[in-house]
Amino acid sequence: MSNVDEIKQRLQQRTWPEYKRVSVEAEGGPVELVIRRPPDRVLERLLTQAREAGLNLAKGEADNPVAAVRFRAELVAATVFLPNAVTSLFTPEEVLDWPGCADVSEHCMAALAPSKGLEQAKGN
């Protein structure tokens, strides 16, 4: 492997940037979670799914409430990690069953704020 290929691989395997740490109540006491900013490929997938489901992220409106709940689950699953973890904590299905989802979903949405440029570039 060339030096350039090795450098690219190391850069692409970097942990996603941390957006915020939040403490969420759980049985037995609070748990610290990390909300990470996902890479553009994940943002593109999330935004495409939202648009196809008829969600208007700019206005926070949904013609399909079930699709809105599903989008929130996908978003939380993509952005919530334990500290120092390299993979996200939940699957979307697990998020749908998690009573603490509402405690972190607004933070997860705020972590997407840099994606507004991507959203506008996509013509949304």
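Which residue in E2 does Lys20 stand opposite? In this predicted model, Lys20 stands opposite Ile35 in E2. The pair offers a convenient point of entry into the sheet, from which the description can proceed to the helices and then to individual residues.

Strands of a sheet pair through backbone hydrogen bonds, either parallel or antiparallel. Here, three strands form an open sheet, and their order is E1-E2-E5 with antiparallel pairing. The edges are strand E1, covering 18-26, and strand E5, covering 80-81, each of which pairs on one side only. Helix H5, made up of residues 101-111, packs on this sheet and touches E1, E2 and E5. The direction of H5 makes about 175° with that of E1.

The two pairings of the sheet can be taken in turn. E1 and E2 run antiparallel and are joined by eight bridges. These strands form a hairpin that has two residues between them, and in this hairpin Gly28 takes a positive phi near 95°. On the other side of the sheet order, strand E2, residues 29-36, pairs with E5 in the antiparallel sense over two bridges. Val34 has Phe81 as its bridge partner in E5, while the bridge partner of Ile35 in E5 is Val80. Ile35 thereby links both parts of this account: it stands opposite Lys20 and is also bridged to Val80.

The next element to consider is a pair of helices. Helix H2 comprises residues 40-52 and helix H3 comprises residues 65-79; their axes come within 10 Å and cross at roughly 170°. An angle over 145 degrees counts as roughly antiparallel, and H2 and H3 are therefore roughly antiparallel to each other. On the H2 side, the contact is made by Val42, Arg45, Leu46, Gln49 and Ala50, and on the H3 side by Phe71, Glu74, Leu75 and Ala78. Sorted by class, this contact has six nonpolar residues, one polar residue and two charged residues.

Leu75 also appears in the surroundings of Ser105. Ser105 has its place in helix H5, and leaving aside neighbours within four places in sequence, it is in contact with Arg72, Leu75 and Val76. Is Ser105 buried or exposed? Its relative accessibility is 11%, so Ser105 counts as buried, the limit for that class being under 20%.

The loop between E5 and helix H4, the latter spanning 92-97, contains Leu82. Leu82 is separated from Ile35 by 47 residues in sequence, and the two are 8.6 Å apart in space, C-alpha to C-alpha. Apart from neighbours within four places in sequence, Leu82 is in contact with Val31, Glu32, Leu33, Val34 and Leu89. The relative accessible area of Leu82 is 35%, and this residue is therefore partly exposed.

Asn84 lies in the loop between E5 and H4 as well. With a relative accessible area of 73%, Asn84 is exposed, because the exposed class begins over 50%. The phi of Asn84 is near 70°, a positive value in a residue other than glycine.

Technical notes: Residues are numbered from 1 along each chain as its sequence is written. This is a predicted model: local features need pLDDT of at least 70, side-chain atom pairs count only at pLDDT 80 or more; totals for chains, interfaces and linings use all residues. Side-chain values use heavy atoms; hydrogens and water are left out. Two strands pair if DSSP finds at least two bridges between them. Helices (H or I, at least four residues) and strands (E, at least two) are DSSP runs, numbered from the N terminus. Contact means heavy atoms within 4.5 Å. Axes are lines fitted to C-alpha atoms, for helices over the stretch in contact, and angles run from 0 to 180 degrees between N-to-C directions. Angles under 35 degrees count as roughly parallel, over 145 as roughly antiparallel, 65 to 115 as roughly perpendicular and the rest as oblique. Ala, Val, Leu, Ile, Met, Phe, Trp, Tyr, Cys and Pro count as nonpolar, Asp, Glu, Lys and Arg as charged, and the others, Gly among them, as polar. Buried means under 20% relative accessible area, exposed over 50%, partly exposed in between (1.4 Å probe, protein chains only).
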